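Please look at how aromatic side chains sit in this protein, and then at how its chains meet. The report below takes the rings as its starting point and turns to the interface afterwards.

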There are 2 protein chains.
Amino acid sequence: MPLEIPEVVIDRLPMYFRLLTALRARGVSVVSSQELGDALNVTPAQIRKDLSYFGRFGKQGRGYSVQRLTEELRTILGLDQRWRMVLVGVGRLGMAIASYRGFEPQGFDIVGVYDVNPEAVGTELGGSLVVRNVSDLARDLEEQAVDIGIVAVPAGEAQAVIDVLVAAGIGAILNYAPTGAQVPPGVQVRQIDPVLSLQGMTYHLRRREA
Amino acid sequence: MPLEIPEVVIDRLPMYFRLLTALRARGVSVVSSQELGDALNVTPAQIRKDLSYFGRFGKQGRGYSVQRLTEELRTILGLDQRWRMVLVGVGRLGMAIASYRGFEPQGFDIVGVYDVNPEAVGTELGGSLVVRNVSDLARDLEEQAVDIGIVAVPAGEAQAVIDVLVAAGIGAILNYAPTGAQVPPGVQVRQIDPVLSLQGMTYHLRRREA
DNA sequence: GTATGATTGTGCACACTTTCGCAAGCCGCG
DNA sequence: CGCGGCTTGCGAAAGTGTGCACAATCATAC
């Protein structure tokens, strides 16, 4: 892969991967770019172009082997290994994240949970996780490598938490706090904020009535 | 606004709006595109260009009035009214959404909550909301207009729920289910799926080590 | 009243993305 | 074993979005 892959392409791969996984579960063994495109509302040409950045996985006249393509994407996306995450913040939102069952089957493990609130610290969560004090975060991260940080604290505390995570060498942050984050280059942040999504839709809703 | 506004521009406006709201709360009265750009990690030129689609809100040599720009964006985005939403699915995730305090202050009200599970139906949620049966959804939507549907059901049930919402004339859907949705043109869907976000980051994480 | 320093709004060029169009290749059937 | 119907991969064209650079304009200070 000598060529530089556009970021937009990377962002579409997880969608492809998820659909392929579903197809595989349904017993579909071969699929064309046309069918994939219909299911995902993108053009077949786009799917073929996206995949062509990484190799030639299809067969003319047939389409793509669901199994083969699933495995290729798994490797490309780095999903052939497990990823270690820490969660910071165990308020209502943090609790919901901690108990979400969707991470583990996809290879994402929450290996540590933190909070500032002394009342929360020490609480045992669902599995074998005990909430630790956020002041231990920096030290803990030195001892056990962690790949991804999940931030679920109030907006005002988010940047401080993110700074600690970044200082500890974490390269990817999933930010549920409703605030933009400043990180040095090389560190990724994805924002999850339902309000931003809603606000993007109301613009169009307003115009629909007219 | 005769000109067609690019979708990417619309998607950035909520970020601007959120930052401006925060600045206003901090008592900042004037801000330049440079300062906005620094805080949001975008170029000043992009901010100026984005805003120029809607009018000329700045003053040369000064910048933008925080108050003025906040109000302009509020109007543009349609946030000068309240929006009515129904939530479908009150599992762990749905409960967390129902109790999230971030919607109401931004003008989004959950006016109905639904589930298929008969055990959940009838339960009283936090405020004055009672969980209703999803089979009542279609009828209820006829009686009281609702703008936005929030889907928080398992992947397998999502499309059926979305179909009911669309049939009832809802124009915007916030989909927490980990599955793509098929909707007719004119209906908007925003996907909220932390796993997709994580999978987009692991691609880069893998390459960071090398 | 004028000079100074700052910052907007925007035309334009560049860069990036998407889509088209088609040669090449594969499958199945007769 | 050759023909017809499909479908990929990819070069090139078309379409979008971004950032630069600068004239126009504003506040302030002297």
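In this predicted model, A:Tyr100 has a relative accessibility of 32%, and because that value lies between the limits of 20% and 50%, the residue counts as partly exposed. Its ring partner, A:Phe103, has a relative accessible area of 2% and is therefore buried. The centres of the rings of A:Tyr100 and A:Phe103 are 5.0 Å apart and their planes stand at 85 degrees, so this pair is described as edge-to-face.

A pair of aromatic rings is described by the distance of the centres and the angle of the planes. Over all chains, the structure holds four aromatic pairs, and another of them joins A:Phe54 and B:Tyr203, whose ring centres lie 6.4 Å apart with planes at 80 degrees, so that this pair too is edge-to-face. It crosses between chains, since A:Phe54 belongs to the loop between helix H3 (44-52) and strand S2 (58-59) of chain A, while B:Tyr203 belongs to helix H8 (residues 194-209) of chain B. The accessibility of the residues in these pairs is set out below.

| Residue | Relative accessibility | Class |
|---|---|---|
| A:Tyr100 | 32% | partly exposed |
| A:Phe103 | 2% | buried |
| A:Phe54 | 8% | buried |
| B:Tyr203 | 6% | buried |

How many residues of each chain are in contact with the other chain? In chain A there are 66 residues in contact with 66 residues of chain B, and the two chains bury about 5,400 Å² between them, of which 59% is on carbon and sulfur atoms. On the side of chain A, the residues that lose the most area to chain B are A:Arg18, A:Gln199 and A:Met201, which together account for 12% of what that side buries.

Polar and charged groups also meet across this interface. Between chain A and chain B there are four salt bridges, and the side chains of B:Asp80 and A:Arg206 meet in a salt bridge with a distance of 2.5 Å from N to O. In addition, 26 residue pairs are in polar contact across the interface.

Several elements of chain A give two or more residues to the side that touches chain B, including helix H1 (7-25), helix H4 (66-77), strand S4 (83-88) and helix H8 (194-209). The largest share of that side, 15 residues, comes from H8(A). By residue type, the side of chain A that touches chain B divides into 34 nonpolar, 20 polar and twelve charged residues.

Technical notes. Residues numbered from 1 in each chain as written. Chains lettered and ligands numbered in written order. Predicted model: local features only at pLDDT ≥ 70, side-chain atom pairs only at ≥ 80, totals over all residues. Heavy atoms only, no water. Contact = heavy atoms within 4.5 Å. Buried area = accessible area lost by both parts, 1.4 Å probe. Polar contact = N/O pair within 3.5 Å; in protein donor to acceptor, adjacent residues only side chain to side chain. Helix = DSSP H or I, 4+ residues; strand = E, 2+ residues; numbered from the N terminus. Nonpolar A, V, L, I, M, F, W, Y, C, P; charged D, E, K, R; others polar. Phe/Tyr/Trp six-rings, centres within 6.5 Å; stacked < 30°, edge-to-face > 60°. Buried < 20%, exposed > 50% of the residue type's maximum accessible area, 1.4 Å probe, protein only.
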